[in-house]
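Welcome! Take a moment to look over the sequence and the model, and then let us walk through a helix and the surfaces around two DNA strands.

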Protein chains: 2
Amino acid sequence: MNKVAKHRNITAQDVADYAGVSRAVVSRALSENGSIAPETKAKVIKAAQELGYQVNFLAQGLNRKRSQLIGVVVARISDPFRSALLEGLISEIQARGYQALITEVQTEQDLADTMRRFSQFRVSGVVVTSGQPPQALVKECVEFKIPVVGINRQLDIPQVDAVYSDNQQGAQLVCEHLITQGCKSFGWLNYKGSTWSGLQRGAAFSQALLEQGLNHRLTNIEAPCDGYEGGQQAAFTLLENQPPIPQGIFCANAQLACGFLDGMRQQGFDAPQNFKLVGFDNTPQTEQWSYQLSTLDQNIDALCKSTLDCLESRTHLPNKPSCSLPIAVQLIERKSSLSLP
Amino acid sequence: MNKVAKHRNITAQDVADYAGVSRAVVSRALSENGSIAPETKAKVIKAAQELGYQVNFLAQGLNRKRSQLIGVVVARISDPFRSALLEGLISEIQARGYQALITEVQTEQDLADTMRRFSQFRVSGVVVTSGQPPQALVKECVEFKIPVVGINRQLDIPQVDAVYSDNQQGAQLVCEHLITQGCKSFGWLNYKGSTWSGLQRGAAFSQALLEQGLNHRLTNIEAPCDGYEGGQQAAFTLLENQPPIPQGIFCANAQLACGFLDGMRQQGFDAPQNFKLVGFDNTPQTEQWSYQLSTLDQNIDALCKSTLDCLESRTHLPNKPSCSLPIAVQLIERKSSLSLP
DNA sequence: CAACGCAATGAACACGTGTTCAATGAGTCA
DNA sequence: TGACTCATTGAACACGTGTTCATTGCGTTG
């Protein structure tokens with residue numbers, strides 16, 4: 001463990017000198033490609049360990065024209081579902097030997113700057129979990145062979161892959177479930193200016209009801225904004241003119257649903273007594289005793305694995321056609337949507 | 001916007017050729033150091049823009065021996081407080097022109113590997129929000145002039161800075177508040193194998209009670225694990241032998257507190273009717289209608305800003321003595337700890 | 001014994017930038 | 001006009017790695 005030079009980073013050259021070989025041999029011994037005699041390899045590896053040699057990733061990336069970084073675009077991490085997704089992504093990225101370069105974006109301009117910086121770092125791939133990157137920029141990435149994958153969003157750009165929870169299937173499950181629980185009228189709660197995911201879920205729910213001949217019994221409830229507060233306010237707005245409460249309500253995400261439920265409770269109504277409620281995103285909070293909210297569970301593990309599969313396969317085949325990968329969701333039945341015995 | 005070479009990254013050399021100067025001049029024009037004629041500078045900048053030139057960060061970092069990356073060590077991001085802290089950190093890191101390199105660690109070995117990789121990327125600094133990095137490795141960082149800052153943890157290594165919420169002050173606030181609300185007996189709820197923060201909070205609470213001559217009225221409640229479930233189970237264990245419920249309970253973190261409250265409710269007890277409850281970490285959930293939990297608000301903004309201040313000042317003065325920076329917390333009074341009118 | 005194939009090695013180049021150092025030329029002062 | 005200062009410029013080196021290409025030497029076969 002005695003280092004040759006204490007206050008200088010030790011390089012492959014130091015290892016080469018120490019082992020009595022050339023620097024090229026060191027590179028071959030450690031990078032597993034190029035032919036090398038087994039005993040030489042062992043000698044070099046031993047020398048590297050004794051010196052505590054670590055590859056300089058910047059030099060490596062510069063040479064290979066590709067760093068082992070993967071850029072991840074996120075927004076509002078503090079949202080429970082998003083943080084869970086981010087956690088899964090980071091784990092998967094690390095498990096495959098990459099490092100996660102995270103950027104938070106708020107505006108489209110942020111996103112453009114971010115994508116540019118990612119390319120300046122020569123990232124091995126980009127995962128977009130939020131926002132709609134400008135086509136021109138994505139095309140630039142494609143041109144420089146940087147794979148781009150979107151999670152739960154539609155990018156609609158050739159050679160860009162998409163992984164998303166199967167909203168059609170989810171809406172279908174919810175529709176059937178609510179009908180089974182005896183609901184005759186329905187509500188769809190989403191926030192104003194919703195993302196693509198939300199819109200798609202709403203459309204799918206409407207479609208599923210149509211197939212049952214029940215879509216004329218569907219009321220749209222619009223929250224003024226996303227999140228708990230949005231849902232809460234929606235509950236107050238809904239009851240303003242004392243209309244009948246839809247018997248089965250499907251909600252675009254878990255935070256909205258929790259807020260809506262609390263808003264209804266504040267006005268003396270509760271689920272499942274007065275209405276059934278199902279939300280999207282099986283966040284920890286929905287499971288808690290105070291909520292016990294039925295939800296559609298997005299398979300975060302599968303989403304993340306598929307995302308990195310896409311990334312890696314496109315690294316090897318940059319020009320293959322775009323793939324669009326729906327991941328099955330699972331209905332978790334809890335108290336909020338079950339008929340009382 | 002017409003590029004010289006479409007399918008090749010354009011380099012400083014391309015800009016130099018295009019502007020009719022040498023590559024050294026391009027570097028000077030864009031990096032703001034070294035003397036250069038104003039009109040030449042303008043010419044180069046114009047050329048760079050027209051070509052869409054972007055610096056290669058890997059080459060830049062290799063040359064400067066320092067990338068503009070900042071490594072962040074996290075664990076269990078999906079926890080509400082941690083995700084809020086991470087969000088704040090990422091924002092602050094970006095605001096100062098760096099990029100966040102995030103690594104999730106589970107074991108001490110993970111942490112060791114992570115620190116090593118960070119140094120391989122020649123990061124400008126490391127922020128540790130979880131775990132206890134091995135002294136040897138941190139010393140290595142210090143040796144290579146990589147600043148290390150810990151948030152809410154005690155690293156106890158020379159030349160490593162610490163930023164943390166002021167647990168003493170927080171415990172003092174809670175103690176006074178509970179007494180004001182009429183509490184005569186007290187409880188401290190923490191989980192088994194708590195982190196340094198939790199232990200310090202408990203010790204400070206006990207100390208604050210001691211100063212009021214009330215520490216003999218303090219009961220320790222131990223949850224079997226962290227999180228909502230841990231708190232919930234603690235509530236059941238507490239009531240097993242039907243002892244008197246402490247009148248004022250202080251809880252190491254918000255998730256535990258929410259779980260504890262729900263656990264008590266399941267057994268027919270509620271706050272503030274049957275006991276007063278205050279938690280640490282003002283997470284969004286504590287504010288919600290179903291909980292309305294009094295909490296100590298950690299000033300995340302200040303924590304993050306101070307962290308990066310420490311990092312930057314140590315970059316300039318690598319050998320200055322360690323600094324230890326407590327950040328004031330604020331008591332948010334909500335229903336769970338207020339006497340009913 | 002000669003010719004050949006093949007594994008192993010090291011010299012040299014490329015990756016793209018920041019910075020040092022010597023050279024140039026214009027401007028100033030005596 | 002000649003000497004001197006100083007801003008500006010470009011050639012060259014350093015950063016640390018991966019990879020190509022020519023060379024070496026050994027074992028094998030005819």
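## Helix α4 of chain A

At the start of α4(A), N56(A) offers a side-chain oxygen that comes within 2.8 Å of the backbone nitrogen of L58(A). Please keep in mind that this is a predicted model. Just after α4(A) comes K65(A), and its phi is positive, near 60°.

Which residues of α4(A) are buried? They are F57(A), L58(A) and G61(A). These residues lie on the same side of α4(A), because they cover an arc of only 100° around the axis. Their cover includes parts of the other chain, namely α4 and α6 (108-120) of chain B.

## Around DNA strand C

Now let us turn to the first of the two DNA strands. There are 29 residues around DNA strand C, and those that come nearest are T40(A), A12(B), R23(B), Y53(B) and N63(B). Of the atoms of this strand that come within 4 Å of the protein, 52% belong to sugar and phosphate.

Some polar contacts are worth finding in the model. The side chain of R23(B) has an N or O atom 2.6 Å from a base oxygen of DNA strand C. Y53(B) instead approaches a phosphate oxygen of DNA strand C, with a polar side-chain atom 2.5 Å away. For A37(A), a backbone N or O atom is 3.3 Å from a phosphate oxygen of DNA strand C. Two or more residues of the surface near this strand come from each of α2 (23-31), α3 (38-51) and α4 (57-64) of chain A, and likewise from α2 (23-31) and α4 (57-64) of chain B. By residue type, the surface near DNA strand C has 12 nonpolar, 11 polar and 6 charged residues.

## Around DNA strand D

The other strand has 28 residues around it, and A12(A), R23(A), Y53(A), N63(A) and T40(B) come nearest to DNA strand D. Sugar or phosphate makes up 51% of the atoms of DNA strand D within 4 Å of the protein, and bases make up the rest.

Which residues reach the bases of DNA strand D with their side chains? R23(A) has a side-chain N or O atom 2.6 Å from a base oxygen, while R28(B) has one 2.9 Å from a base nitrogen. T40(B) meets the backbone of the strand: an N or O atom of its side chain is 2.6 Å from a phosphate oxygen of DNA strand D.

Helices α2 and α4 of chain A, and α2 and α4 of chain B, each give at least two residues to the surface near DNA strand D. That surface divides into 11 nonpolar, 11 polar and 6 charged residues.

Notes. Residues are numbered from 1 along each chain as its sequence is written. Chains are lettered from A and ligands numbered from 1 in the order in which they are written. This is a predicted model: local features need pLDDT of at least 70, side-chain atom pairs count only at pLDDT 80 or more; totals for chains, interfaces and linings use all residues. Side-chain values use heavy atoms; hydrogens and water are left out. A residue is near a molecule or strand if one of its heavy atoms lies within 4 Å of it. A polar contact is a pair of N or O atoms within 3.5 Å; within protein, one must be able to donate a hydrogen and the other to accept it, and residues adjacent in sequence count only if both atoms are side-chain atoms. Helices (H or I, at least four residues) and strands (E, at least two) are DSSP runs, numbered from the N terminus. Ala, Val, Leu, Ile, Met, Phe, Trp, Tyr, Cys and Pro count as nonpolar, Asp, Glu, Lys and Arg as charged, and the others, Gly among them, as polar. Buried means under 20% relative accessible area, exposed over 50%, partly exposed in between (1.4 Å probe, protein chains only). The arc is that of the directions from the helix axis to the C-beta atoms. Contact means heavy atoms within 4.5 Å.
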